Amino acid sequence: MQESKSNDLRKLEDAMKGQESGSLEEKKETIISHFMGTGDKEHQELDPGTALQTFFDHIPINSIPGIKNSPVVELKTGGTVKDAILLLYEKNVFGAPIADVLDPDTTKIGRFTDRYIGFIDIGRMVLWWIEESERVLNQTRDVDDHKTGKDGIFDLLEQNPEICQTKVGELAKSFLWDPFLPVRLEDTLFHVLLLLSKHRVQFVPVIDQSNFQIAGVITQIDVIQLLLQSSGLEWFDGIADKAISEFSIEGERFSIVYGDQILAEALRILWESRVGAVPVLDRRSQKLIGCIRDTDIHLLFENNELFNNRKIRAVEEFIQMEAAKLNSESDQTPEKDLGRVPAPRMNRPVTIRRSTTLKQAMKNLSDTKNSFCFVVDDSEKPVFMITLRDIIVQFAPPCIDSGIHGGGFFETALEQAGCKVKNGTMICDRK
């Protein structure tokens, strides 16, 4: 019996590896026939947790459509914040991995993952930089209360050399980095699911060990779309057809912004919340009328007047300006890379109710390419926010081994910034 099982598994694995030209749907059907009830009796006796893990562990990463994309922009720990922001803006990408500055005198080639020690996005860098600039301006008080410069956001960069010359590596002190947790092309969806469910990362980089390059990325949306392909299978529907109220999803804590507040206040709240988005409410009705996200920061680069008047312009006006701009543009198909993927308009946040099923929520987020949605009550007031990670965690097999960890990410990041954690306290070297 054991020999028969081993032969069967070898045949399945050979078939999966050899189906380079086959579709993901064909591969999925192959897996289902072996592990989801149409195979032999021994496979039918697998418990649900093991069957689910086996299912994910036989979907190879290289079968995901479009996984190999254009080269990924990278930042260096020794580069300045100003140069990093300009590079990401010019390359039209929302973020980049951070590469350590290797010792040129050493000839030893370490692990590929040792070269990359984190990931940072442009939204968080700009919010940090605006906050630091406001702090300096409040101390000097030599700038008009309503305007910060005639040339917009880039002008403010030039006005604060002590801030814009800050090294990217030093931003680890503010914990702005995300872990760099890669997988290999020969790994499976199981590895991706494990990392996304155990760590707060929005995507997983895929490395090609043949040339030691980043081949592409797998986002949370990619995983959600792959999971939705299993709609109709008993194991999937048994989870996804339940109402949101049946899950113990705590959701992300969030602050709120009112439409009549000024944009500068909203940016500060967005920075302080650290969750990537804040809902915008009508003050009188308390209804949800929009949201502002880290990914909307790029609009400040494209409109100097908007940035300069952020201390007098209302949030609701900002939201409507973006809606008007999008109305005049044709829809574009988002690229599957680190480029700025079009998200739902700020005046059209994705909302669901407690009675919405998990599958419906997944479809809404997949269709809109959004990373979160708001659960609203009968009066359209947001109750809590659900992220893609909250959903992915629901499909993490109970037998998952959580032994994969960040590989000392935070320790490495803090070392780059001249800091360390001792007895639960962060200590920075001051020279």
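How many of the 11 residues of helix 13 (residues 263–273) are buried? The points below address this and other features of what is a predicted model.

1. Helix 13. This helix is mostly covered, with 8 of its 11 residues buried. The buried positions are L263, A264, A266, L267, I269, L270, W271 and S273. Residue R274 follows helix 13 and has a positive phi, near 60 degrees. As general background, an α-helix has 3.6 residues a turn, so residues three or four places apart point the same way.

2. The largest nonpolar core. This core holds 50 residues, of which V126, W129, I292 and L300 touch the most other members. Helix 7 (residues 122–140) supplies the largest share of the core, 9 residues. When residues up to four places away in sequence are not counted, W129 touches I153, L156, L157 and I163. In soluble globular proteins, nonpolar side chains tend to be buried together.

3. A separate core. Another core, of 47 residues, lies apart from the largest one. Its members include I59, L181, I218 and I239.

4. Strands 2 and 3. Strand 2 (residues 95–99) and strand 3 run antiparallel and are joined by 5 bridges. Within this pairing, I98 stands opposite G118 of strand 3. Strand 3 (residues 116–121) is mostly covered, since 6 of its 6 residues are buried.

5. The open sheet. Strands 10, 11 and 12 form an open sheet of 3 strands in the order 10-11-12, with mixed pairing. Strand 10 (351–352) and strand 12 (382–387) stand at the edges; each has a single partner strand, so one side of each is left without a neighbour in the sheet. Strand 11 (residues 372–376) runs antiparallel to strand 12, and 5 bridges join the two. One of the paired positions is C373, whose bridge partner in strand 12 is I386. In a regular strand the side chains alternate between the two faces of the sheet.

6. Residue H199. Is H199, in the loop between helix 10 (189–198) and strand 5 (203–208), buried or exposed? H199 has a relative accessible area of 16%, and it is therefore classed as buried, the cut-off being under 20%. The C-alpha atom of H199 is separated by 9.4 Å from that of D178, a residue 21 positions away along the chain.

Conventions:
Residues numbered from 1 in each chain as written. Predicted model: local features only at pLDDT ≥ 70, side-chain atom pairs only at ≥ 80, totals over all residues. Heavy atoms only, no water. Buried < 20%, exposed > 50% of the residue type's maximum accessible area, 1.4 Å probe, protein only. Helix = DSSP H or I, 4+ residues; strand = E, 2+ residues; numbered from the N terminus. Pairing = 2+ DSSP bridges. Core = buried A, V, L, I, M, F, W, Y, C linked by side-chain atoms within 4.5 Å. Contact = heavy atoms within 4.5 Å.
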